[in-house]
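Trainee: Could we go through this entry together? I would like to begin with the charged side chains and then turn to the interior and the fold.

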Amino acid sequence: MLTLLQELIPTPLGPLWVICDEQYRLRAVEWQEHSDRMVALLDIHYQKEGYQRRDTVNPGGLCEKLTAYFEGDLSIIDTLPTATAGTPFQREVWQALRNIPCGQVMHYGQLAEQLGRAGAARAVGAANGSNPVSIVVPCHRVIGRNGTLTGYAGGVQRKEWLLRHEGYFLL
């Protein structure tokens, strides 16, 4: 059985779940108001072998590091380890998201092209929307082709805040 360590931390955008395994690799990062979505994803990925969630304080220093991100240490998220389930395609998209530099954005089509899958923008969007480790796997850095802030499960207002926080200035 997989043991997941969790803490709910305060952020400028509302309470945030930080969930990791016992090796301190992030398995989920999700806004409290979207807990149902998070539990559904945890169930999809881990219910088969079984998992339990255990409350703890600052597992592996991850909560402290995410707090530092919100306080302005933007590069710290690049150092946080993740261990996500998902399909090989989803994991490929999520890895590509981690390569988008802070303060920059891509649109779904560009990301699909970068993955060698031109024309797969919708599939990339679906994988982006299934990302269980928001912020650290920066799905907020993907925008619509016309520059619109689309497709952020945490809400467009949070996406805008995160992009501004990272130095991307919206038109």
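Mentor: Let us fix a term before anything else: a salt bridge here is a side-chain nitrogen of Lys or Arg within 4 Å of a carboxyl oxygen of Asp or Glu. With that rule, D21, R25 and R27 are linked in a network of salt bridges. Please keep in mind that this is a predicted model.

Trainee: How many salt bridges are there in the whole structure?

Mentor: The search returns 7.

Trainee: Which residue pairs with E30, and at what distance?

Mentor: The partner of E30 is R37, and their closest N and O atoms are 2.7 Å apart.

Trainee: Is E30 buried or exposed?

Mentor: E30 is buried, as its relative accessible area is 4%. R37 counts as partly exposed, at 23% relative accessibility.

Trainee: And what does E33 do with R158?

Mentor: Their side chains meet in a salt bridge, at 2.9 Å from N to O. E33 belongs to the loop between strand 3 (26-31) and helix 1 (35-46), while R158 sits in helix 6 (residues 156-165), so this pair ties together parts that are 125 residues apart in sequence.

Trainee: How accessible are those two, E33 and R158?

Mentor: E33 is exposed, with a relative accessible area of 57%. R158, by contrast, is buried, at 11%.

Trainee: Where do E160 and R164 lie with respect to one another?

Mentor: Both are in helix 6, 4 residues apart, which means that about one helical turn separates them. They form a salt bridge whose closest N and O atoms are 3.0 Å apart.

Trainee: What about the accessibility of E160 and R164?

Mentor: E160 counts as partly exposed at 28% relative accessibility. R164 is also partly exposed, with a relative accessible area of 41%.

Trainee: Changing topic: how many cavities of 30 Å³ or more are there?

Mentor: The count comes to 1 cavity. The volume of the largest cavity is about 60 Å³.

Trainee: Which residues line the largest cavity?

Mentor: The lining consists of R27, A28, E30, R37, M38, L41, L42, H45, Y46, A85 and P132. E30 and R37, the salt-bridged pair from earlier, are thus among the lining residues.

Trainee: Which element gives the most to that lining?

Mentor: Helix 1 does, with 6 residues. Strand 3 and helix 1 each supply at least two residues.

Trainee: What is the make-up of the lining by class?

Mentor: There are 7 nonpolar, 1 polar and 3 charged residues.

Trainee: Now the fold. How many helices and strands does the protein chain have?

Mentor: The protein chain has 6 helices and 6 strands. Read from the N terminus, the order of the elements is β-β-β-α-β-α-α-β-α-α-β-α.

Trainee: What does the radius of gyration say about the protein chain?

Mentor: A compact globule of 171 residues would have a radius of gyration near 16 Å, and the 15 Å of the protein chain agrees with this. Along its principal axes, the C-alpha trace spans about 40 × 35 × 25 Å.

Trainee: What percentage of the residues count as buried?

Mentor: Of the 171 residues, 51% count as buried. As for contacts, among those between residues at least 6 apart in sequence, 56% join residues at least 24 apart.

How values were computed. Residues numbered from 1 in each chain as written. Predicted model: local features only at pLDDT ≥ 70, side-chain atom pairs only at ≥ 80, totals over all residues. Heavy atoms only, no water. Buried < 20%, exposed > 50% of the residue type's maximum accessible area, 1.4 Å probe, protein only. 1 Å grid on protein atoms, 1.4 Å probe; cavity = no way out; pocket = protein on both sides within 12 Å on 5 of 7 lines; lining within 4 Å. Points joined across faces, edges and corners; volume = space filled by probe spheres on them. Nonpolar A, V, L, I, M, F, W, Y, C, P; charged D, E, K, R; others polar. Rg over C-alpha atoms; globule rule 2.2 N^0.38 Å. Contact = heavy atoms within 4.5 Å.
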